[in-house]
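Trainee: I am new to this structure and would like a close look at a single part of it, the place where the ligand sits. Please take me through that part and then through what lies around it.

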Amino acid sequence: MIKVAILGATGYTALELLKILLRHPEVEIVAATSRQEGSPPVSSVHPSLFGRIDLALEDLSPEEVGRRAACVFSCLPHCASAEIIPRVLAAGAKVVDFSADYRLDDPATYLEWYGHQHPDPSRLGQTAYGLPELFRDQIRSADLVANPGCYSTSAIVPLAPLVKSGWFELDDIIIDSKSGVSGAGRQPKMMTHFPECNESMSAYNVGRHRHTPEIEQVIARWAGVAPRVIFTPQLAPMDRGILSTIYIKPRRVVSDAEVLGLLRDAYAGERFVRVVDHLPGTKDTVDTNFCDVTARVVRGRVLLISCLDNLVKGAAGAAVQNFNCLFGLPESTGML
Ligand SMILES: NC(=O)c1ccc[n+]([C@@H]2O[C@H](COP(=O)([O-])OP(=O)(O)OC[C@H]3O[C@@H](n4cnc5c(N)ncnc54)[C@H](OP(=O)(O)O)[C@@H]3O)[C@@H](O)[C@H]2O)c1
């Protein structure tokens, strides 16, 4: 059995991770940390786990976590994660980081979008980006994997085959995304307060959402030029799920069948990306590690439509896929 630990085990993504890991045949959960909950049973914080896990929360040092576990999942907020991860790595564990701390290659870009100096800048640009469908080889040989942002996965998965084809303009990509409220985490905020968000939809962080430079960086790896992305996130009155509609201009006339063909060729054999003919909805992927994608050509533009569960393919499911890559296990172990 592979010993694993979870940092920030009281949060939403950690709960999803615990649910998957409890089904994983090769995993033993040896530690689950919290700074402020004391040391109650994990199931007292996550009642849906009652009777399924016999483990108490602990406030452990990063060194102790890294000594106990072969792999540590960091479900901490950005900045907090990069303060702790170097000490976990130094203790000998591999790490899958849920936060944004190791996704960007450039410390200056991190400073620009996150508003503070990166605590561990030397690892930026050296860390595997945790989207196995696209970066499997780098993940397999890594010690530290940066799980992608949930919106980023919903955009990059459908865009990647189109960008690689060379058939599309990259200076005018529009990404319009709706997310369920769990995307904002468990910490209460005005925007996610029930009377504020129930029966209402609103855009937020227009022109300045932090997944924008992440999406541009990944696209630039294949494009060779910096793409220009306008990304508009919106909060939808649902618990979980992301629906993204992406608009991209082809350089020549293309058909639905050609674009769907690009997607199907790219993801043939990929368990967790489903290229579908119908228009997918968030309910099709809730509680699963699937990202569903389709395409339509409308008035000369290509529309890509994708959906996924922000807490699973957007977070915990992707993390377990990455864990399976890191430890040489079949990628779907523990999942559908
Ligand atoms: N929610 C999503 O859909 C989603 C998707 C993809 C990625 N992510 C990323 O995954 C990470 C976790 O997200 P989440 O939604 O699970 O957040 P969350 O529900 O707010 O949980 C984060 C946990 O981290 C701990 N924590 C908070 N501040 C801390 C600090 N300064 N130092 C140490 N521990 C701290 C808290 O536990 P204690 O207070 O008990 O210590 C908290 O339960 C974030 O980086 C987020 O950006 C989230």
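Mentor: This is a predicted model. In it, 28 residues surround the ligand, and the closest are G8, G11, S99, G185 and R186. By type, the residues of this shell divide into 10 nonpolar, 15 polar and 3 charged. Two helices, helix 1 (12–23) and helix 11 (312–326), each supply at least two residues of the shell. The largest share comes from helix 1, with 3 residues.

The setting of the ligand follows from the domains. The domain assignment gives domain 1, made of 2–148 + 314–326, and domain 2, made of 150–310. Both domains give residues to the shell around the ligand, so the ligand lies between them.

The two domains also touch each other. Their C-alpha centres lie 24 Å apart, and 19 residues of domain 1 are in contact with 23 residues of domain 2. On the side of domain 1 that touches domain 2, the elements that give two or more residues are helix 5 (107–114), helix 6 (132–140) and helix 11. Helix 11 provides the largest share of that side, 5 residues. The residues of that side of domain 1 divide into 11 nonpolar, 5 polar and 3 charged. Helix 11 therefore appears twice in this account: it supplies at least two residues of the shell around the ligand, and it gives the largest share of the side of domain 1 that touches domain 2.

Next comes helix 4, which spans residues 80–90. Its residues S81, A82, I84, I85 and V88 are buried. These five cover an arc of only 165 degrees around the axis, which puts them on the same side of helix 4. The general rule behind such a pattern is that an α-helix has 3.6 residues a turn, so residues three or four places apart point the same way. The buried residues of helix 4 pack against helix 3 (62–68) and against four strands: strand 1 (2–7), strand 3 (71–74), strand 4 (94–97) and strand 6 (144–146). After helix 4 comes G92, with a positive phi near 110 degrees.

Now to strand 9, residues 229–235. V229, F231, P233 and L235 form its covered face, while I230, T232 and Q234 form the uncovered one. In a regular strand the side chains alternate between the two faces of the sheet. Strand 9 pairs with strand 7 (residues 173–179) in the parallel sense over 7 bridges. In that pairing, K178 stands opposite Q234. Strand 9 also pairs with strand 8 (residues 202–203), here in the antiparallel sense over 2 bridges. L235 of strand 9 is the bridge partner of S202.

Last is a group of strands around strand 12, residues 291–298. Strand 11 (residues 273–275) runs parallel to strand 12 and is joined to it by 3 bridges. One of the pairs here is R274 with its bridge partner D292 in strand 12. Strand 13 (residues 301–308) pairs with strand 12 in the antiparallel sense over 8 bridges. There, C291 has L308 of strand 13 as its bridge partner. Strand 12 and strand 13 form a hairpin with 2 residues between the strands, and R299 in this hairpin takes a positive phi near 50 degrees.

Definitions and conventions: Residues are numbered from 1 along each chain as its sequence is written. This is a predicted model: local features need pLDDT of at least 70, side-chain atom pairs count only at pLDDT 80 or more; totals for chains, interfaces and linings use all residues. A residue is buried if 20 or more other C-beta atoms lie within 10 Å of its own, exposed if 12 or fewer, and partly exposed in between; C-beta atoms are placed from the backbone. The arc is that of the directions from the helix axis to the C-beta atoms. Two residues are in contact if their C-beta atoms, placed from the backbone, lie within 7 Å. A residue is near a molecule or strand if its C-beta atom, placed from the backbone, lies within 6 Å of it. Ala, Val, Leu, Ile, Met, Phe, Trp, Tyr, Cys and Pro count as nonpolar, Asp, Glu, Lys and Arg as charged, and the others, Gly among them, as polar. Domain bounds come from an automatic or database domain assignment. Two strands pair if DSSP finds at least two bridges between them.
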